[in-house]
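I opened this model to look up its strands and its nonpolar packing. My entries follow the order in which I checked things.

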Amino acid sequence: MDWNSSALWGIIGLIGGIIVSAFFYFLGVKRKSLIYDITTTTLVSENATQIEKLNITYDNKPIKKLYTTTIKIKNNSNSIIEPNDFAPSVPLSLITNGEFLTSSDTGVKLFAENTSNNVYPLFEVNENSMCQKVIIHFDYIAKNETIRCTVFHTNSLSINGKLKDGKLKNKDKSIDWKHLIISFTIGLVMPFIFLIIKNVLK
């Protein structure tokens, strides 16, 4: 292989240029993505409510189960996410088949890393399905910003929301595309670099 050949260096430059261009193209493509992480702790189990003389109530009604859940929702995309990025019929929300505790000292609490981001819960009760929904209201979610929710609830909880152009994903099932693209690009470029160094040092 003639390393002094201009044709060879032209091919290497072309391949390198394509790889670098593709790398920056994929990094620059606008995408919207939220990843969430849910941690639930059982405060009252159904077994505990069977203890004689133990009565646990909420709003004057007996409850058999009680949980506290922390949800972290992070904008891991390269774009700011706004409320109108969600479908109006499927906003960012929490849903339970039980009840949310809504007292002022416990209930549903929302926090944003960015103090200028006004976040608060909006409650909805679906009488037909007997489920409760908490719509997460926010002004915007900046890049890499995280919204934290702490909720008390009496049954299983899920997170819902439909981005018009993007995805709401579970952290455990999400793929770090940025890291994957960088690793892939380095894997393609490094062999060329080693070959060039090896032949230059001959």
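These notes cover a sheet, one strand pair and the nonpolar cores of a predicted model.

**Sheet.** I began with strand order. Five strands make an open sheet, and I read the order as S6-S9-S4-S1-S11. The pairing is mixed. I then looked for the edges. Strand S6 (109-112) and strand S11 (166-170) are the edge strands, each pairing on one side only. I also checked the twist: neighbouring strands of this sheet are turned by 15° against each other on average, with direction ignored.

**S1 and S4.** Next I took one pair from the sheet. S1 covers residues 32-44 and S4 covers residues 66-75. The two run antiparallel, joined by 10 bridges. I looked up the partner of Val 44 and found Leu 66 of S4 opposite.

**Largest core.** Which residues have the most contacts inside the largest nonpolar core? I noted Leu 34, Ile 71, Ile 73, Leu 92, Leu 94 and Ile 159, in a core of 23 residues. Two or more residues each come from S1, S4, strand S8 (131-137), strand S9 (146-153) and strand S10 (157-160). S9 gives the largest share, three residues.

**Ile 73.** I followed this residue further, setting aside neighbours within four places in sequence. Ile 73 is in contact with Leu 34, Ile 35, Tyr 36, Leu 92 and Ile 136. Its list also holds Glu 145, Thr 146, Ile 147 and Ile 159.

**Second core.** I then found a separate core of five residues. Among them are Val 44, Ile 63, Leu 66 and Leu 101. Val 44 and Leu 66 were already in my notes as opposite residues.

Definitions and conventions:
Residues numbered from 1 in each chain as written. Predicted model: local features only at pLDDT ≥ 70, side-chain atom pairs only at ≥ 80, totals over all residues. Heavy atoms only, no water. Pairing = 2+ DSSP bridges. Helix = DSSP H or I, 4+ residues; strand = E, 2+ residues; numbered from the N terminus. Axes fitted to C-alpha atoms, helices over the stretch in contact; angles between N-to-C directions. Core = buried A, V, L, I, M, F, W, Y, C linked by side-chain atoms within 4.5 Å. Buried < 20%, exposed > 50% of the residue type's maximum accessible area, 1.4 Å probe, protein only. Contact = heavy atoms within 4.5 Å.
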